[in-house]
Structures are given as C-alpha cells and as structure tokens.
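Got the viewer open and the cartoon showing? Let's walk through this one selection at a time, with a short note on what to look for at each stop.

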Amino acid sequence: MLNNKLPPLYPHLKSKNETLSLIHGIYAGILSCALAVVLYLEYQQHTMNVVELSVLCAGIGLLIALNIVACLKVKKGANQGLILSRILAVLMLLSFPIGTLLGAFALWKSLKSQW
C-alpha cells in the first residue's frame, strides 16, 4: 500500500528570519536584472558618458552587495543584520512599486515581535 508518512520536501527548520532573508535576496536579484537591462540598453544606444555609467554601476553594485550581506546576516540572526535590514528596507521604499512592497514587508518582518 501507499506510505502516508512522506518526508518533508525541505527538511531544514525554518527560522523567523528566513522570510526577511529571502526578501533581501529577491531584491538583490531584481537590482541585478535592472542593472543588466540598463547596461544592455546603454550598449545599444550610447546615451551616457563613461563617468555617469560608472557611478550608476557602482551605486547599484553597492546596493546589491549590501542586500546580499543583509541576506546572509539576517539568516544567521545577527544584530548587524537587523540594523542593515532596516536601513535597506527604508531605501527599498523609494523604488516604487515592487520595492515599496518589499520594503514595507521587510520593515514589518524586522520588528522585535517578528525577529
């Protein structure tokens, strides 16, 4: 007969911070895709000079790196991850509409009751 006791698909235990960590990973991915699109369009049209493009790439690259660091620190439960997550969540609120939703959700998940 069929065995009704199937093992779980994801056997690891989920922590409270896993959703917040995932939010930062998703946002880093969205920023990476946006940067790739900007670089492709710039390659096609040549509308920006090298300095402007370098500053844009450095700024977005910094945000990507900070979100990856926040993703890893939040997953570990570190206090620095909580602080960095709140700062980045406020910055996410400025990127309407997806970033606003992710930022609001990240702020909610970084409350003491959710942490």
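Start by selecting H1 and H3: their axes come within 12 Å and cross at roughly 50 degrees. (Axes here are lines fitted to C-alpha atoms, for helices over the stretch in contact, and angles run from 0 to 180 degrees between N-to-C directions.) That makes H1 oblique to H3; angles under 35 degrees count as roughly parallel, over 145 as roughly antiparallel, 65 to 115 as roughly perpendicular, and the rest as oblique. Helices are DSSP runs (H or I, at least four residues), as are strands (E, at least two), and both are numbered from the N terminus.

Before going on, keep in mind that this is a predicted model: local features need pLDDT of at least 70, side-chain atom pairs count only at pLDDT 80 or more, and totals for chains, interfaces and linings use all residues. Residues are numbered from 1 along each chain as its sequence is written, and side-chain values use heavy atoms, with hydrogens and water left out.

Stay on this pair and show side chains. On the H1 side, pick Leu 20, Ile 23, His 24 and Tyr 27; they meet Ser 85, Leu 88 and Met 92 in H3. Contact means heavy atoms within 4.5 Å. Sorted by class, these residues give five nonpolar, two polar and no charged. (Ala, Val, Leu, Ile, Met, Phe, Trp, Tyr, Cys and Pro count as nonpolar, Asp, Glu, Lys and Arg as charged, and the others, Gly among them, as polar.) H1 passes H3 in a left-handed crossing, where left-handed says that the near helix is turned anticlockwise from the far one by less than a right angle, and right-handed that it is turned clockwise.

**Next: H1 with H2**

Select residues 18-45 for H1 and residues 50-76 for H2; the two axes come within 8 Å and cross at roughly 160 degrees. H1 and H2 are therefore roughly antiparallel to each other, and their crossing is left-handed. Which H1 residues should you light up for this contact? Take Leu 20, Ser 21, His 24, Gly 25, Tyr 27, Ala 28, Leu 31, Ser 32, Leu 35, Val 38, Leu 39 and Glu 42. Across from them in H2 sit Leu 53, Leu 56, Cys 57, Ile 60, Leu 63, Ile 64, Asn 67, Ile 68, Ala 70, Cys 71, Val 74 and Lys 75. The contact counts 17 nonpolar, five polar and two charged residues.

While you're here, click on two alanines. Ala 65 lies in helix H2, and its C-alpha is 7.7 Å from that of Ala 28, although the two residues are 37 apart in sequence. Ala 65 is partly exposed, at 37% relative accessibility. (Buried means under 20% relative accessible area, exposed over 50%, and partly exposed in between, with a 1.4 Å probe and protein chains only.) Ala 36 lies in helix H1 and is partly exposed too, at 43%. Draw a distance from Ala 36 to Cys 57, C-alpha to C-alpha, and you should get 9.8 Å for residues 21 apart in sequence.

Now the cysteines: is each one buried or partly exposed? Cys 57 is partly exposed, at 24%, whereas Cys 71 is buried, at 18%. Don't hunt for a disulfide (a pair of cysteine sulfur atoms within 2.5 Å), as the count is zero.

**Then the loop between H1 and H2**

Zoom to His 46, which lies in this loop. His 46 has a positive phi of about 50 degrees although it is not a glycine, and it is exposed, with a relative accessible area of 62%.

**On to H3 and H4**

Select residues 79-92 (H3) and 98-109 (H4): they pack at about 150 degrees, with their axes 7 Å apart. That makes H3 roughly antiparallel to H4. From H3, the contact uses Arg 86, Ala 89, Val 90 and Met 92; from H4, Gly 99, Thr 100, Leu 102, Gly 103, Ala 106 and Leu 107. By class that gives six nonpolar, three polar and one charged. This crossing is left-handed as well.

Pro 97 is in the loop between H3 and H4. Check the peptide bond leading into it from Phe 96: it is cis, with omega near -5 degrees.

**Last: zoom out**

Show the whole chain again and you'll find four helices and zero strands. Buried residues make up 27% of the 115 residues. Among contacts between residues at least 6 apart in sequence, 63% join residues at least 24 apart.
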